[in-house]
Every structure is written in structure tokens, then in C-alpha cells.
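Reader: I should like to learn how to read the features of a structural model in order. May we begin with the overall fold and then turn to the aromatic side chains?

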Amino acid sequence: MDALFLLLPISLLFVLGIGVAFWWAIFSGQFDDTQDAAVAILKDDDQGRSGPD
């Protein structure tokens, strides 16, 4: 029973921290454009680079 008094506040702090991090990610624009990063690798142009010497 004593462990419950320690683990419950710690778990509530973790949940609060995760909620704050998720709230920050939503409102800072982290999820605004999820397709450009996936398509950017396909648009990579390596023709201007020279090969290894």
C-alpha cells in the first residue's frame, strides 16, 4: 500500500508531461504537413554531385 502513494503521483506526472508534450506538438505545427517529409526522399536530385574519388 505504501508503494501506491509513491507510484500514483509519479504516474500522474508522466501522464501530465506526455499531455503537455502532445499539446505543444499539435499547436506548434508538428503535424501540419506530414506528406512532404515522405515525398522529399523521392524528389532527391543526386545528378549534381560527383562520385567518390
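Reader: How many helices and how many strands does the protein chain have?

Author: This is a predicted model. The protein chain contains two helices and zero strands.

Reader: What span does helix H1 reach from its first C-alpha to its last?

Author: Helix H1 covers residues 2-27, that is 26 residues, and reaches 39 Å, close to the 38 Å expected at 1.5 Å a residue. Just after H1, Gly29 adopts a positive phi of about 90 degrees.

Reader: How many of the residues of H1 are buried?

Author: The count is one among its 26 residues, and H1 is hardly covered. For the protein chain, buried residues make up 2% of the 53 residues. The exposed area of the protein chain is about 5300 Å², of which carbon and sulfur atoms supply 67%.

Reader: How is a pair of aromatic rings described?

Author: Such a pair is described by the distance of the centres and the angle of the planes. In this model the count comes to two aromatic pairs. Phe22 and Phe31 form a tilted pair, at 6.2 Å centre to centre and 50 degrees between the planes. The second description concerns Trp23 and Phe27, a tilted pair with 5.2 Å centre to centre and 55 degrees between the planes.

Reader: Where do Trp23 and Phe27 lie, and how many residues apart are they?

Author: A general idea helps here: an α-helix has 3.6 residues a turn, so residues three or four places apart point the same way. Trp23 and Phe27 both belong to helix H1 and are four residues apart, about one turn of the helix.

Reader: Why does Phe22 count as partly exposed?

Author: Partly exposed residues fall between the cut-offs of 20% and 50% relative accessible area. Phe22 counts as partly exposed because its relative accessibility is 49%. Phe31, at 49% relative accessibility, likewise counts as partly exposed. Trp23 and Phe27, by contrast, are exposed.

Reader: Where is Phe31 found, and with which residues is it in contact?

Author: Phe31 is in the loop between H1 and helix H2 (36-40). Leaving aside neighbours within four places in sequence, Phe31 is in contact with Phe22, Ala25 and Ile26.

Reader: Which residues form the nonpolar patch on the surface?

Author: The patch consists of Phe22, Trp23, Trp24, Ile26, Phe27 and Phe31, which together have about 750 Å² of accessible area. Of these, Trp24 lies in helix H1, whereas Phe31 is in the loop between H1 and H2.

How values were computed. Residues numbered from 1 in each chain as written. Predicted model: local features only at pLDDT ≥ 70, side-chain atom pairs only at ≥ 80, totals over all residues. Heavy atoms only, no water. Expected span 1.5 Å × (residues − 1). Buried < 20%, exposed > 50% of the residue type's maximum accessible area, 1.4 Å probe, protein only. Areas by Shrake-Rupley, 256 points an atom, 1.4 Å probe, with all protein chains shown as cover. Phe/Tyr/Trp six-rings, centres within 6.5 Å; stacked < 30°, edge-to-face > 60°. Patch = residues over 30% accessible without salt bridge, like charges linked within 9 Å, V, L, I, M, F, W, Y side chains within 5 Å. Salt bridge = Lys/Arg side-chain N within 4 Å of Asp/Glu carboxyl O. Contact = heavy atoms within 4.5 Å.
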